[in-house]
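Welcome! Take a moment to look over the sequence and the model, and then let us walk through the fold together.

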Amino acid sequence: MRAHATAAAEIPDLDKLPADALLTIKQVSALSSFTEQALLKWAKNGKGPTVTRLEGRPRYRAADIRSWFSGSMAGAQ
C-alpha cells in the first residue's frame, strides 16, 4: 500500500506546473498511459511530444505535453 502512495506522488499535476517545468519520461508515461519505450521510439522518429535533452536524458516541457495532449485529443475526435 505504501508503494502505491509513492507512485501516485510521482505523477505531477500538469495543470499546476509552470510551462517550462521539465518532466521525466517516467512521469510522461504515467500521465499519458503510453510506455516509456513507445515515447522513446516516437522521439527517434520525430513523433510524439517534443523532447528536450538535458545531459543526454530526455525531458519534456509541461507546455509541450499540454500541447501534445490537445493535439492528440483533437485528432481523435
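## Surface and interior

Accessible areas here come from the Shrake-Rupley method with a 1.4 Å probe. On that basis, the chain of this predicted model has an accessible surface of about 5500 Å². Carbon and sulfur atoms hold 54% of that surface.

How much of the chain is buried? Of the 77 residues in the chain, 25% are buried, where buried means under 20% relative accessible area.

## The order of the elements

The chain contains four helices and three strands. If you follow the sequence, you meet them in the pattern α-β-α-α-β-β-α.

Contacts also link distant parts of the sequence. Among the contacts with a separation of 6 or more, 50% join residues 24 or more positions apart.

## The sheet

In what order do the three strands lie in the sheet? They form an open sheet in the order 1-3-2, with antiparallel pairing. Strand 1 (22-24) and strand 2 (52-54) each have a single partner strand, so these two stand at the edges, and one side of each has no neighbour in the sheet. From one strand to the next, the twist averages 50°.

Now look at strand 1 and strand 3 (residues 57-61): three bridges join them in the antiparallel sense. You can find one partnership by name, since T24 has R59 in strand 3 as its bridge partner.

## A helix on the sheet

Helix 2 (residues 25-32) packs on the sheet, where it touches strand 1 and strand 3. The direction of helix 2 makes about 80° with that of strand 1.

How values were computed: Residues numbered from 1 in each chain as written. Predicted model: local features only at pLDDT ≥ 70, side-chain atom pairs only at ≥ 80, totals over all residues. Heavy atoms only, no water. Pairing = 2+ DSSP bridges. Axes fitted to C-alpha atoms, helices over the stretch in contact; angles between N-to-C directions. Contact = heavy atoms within 4.5 Å. Buried < 20%, exposed > 50% of the residue type's maximum accessible area, 1.4 Å probe, protein only.
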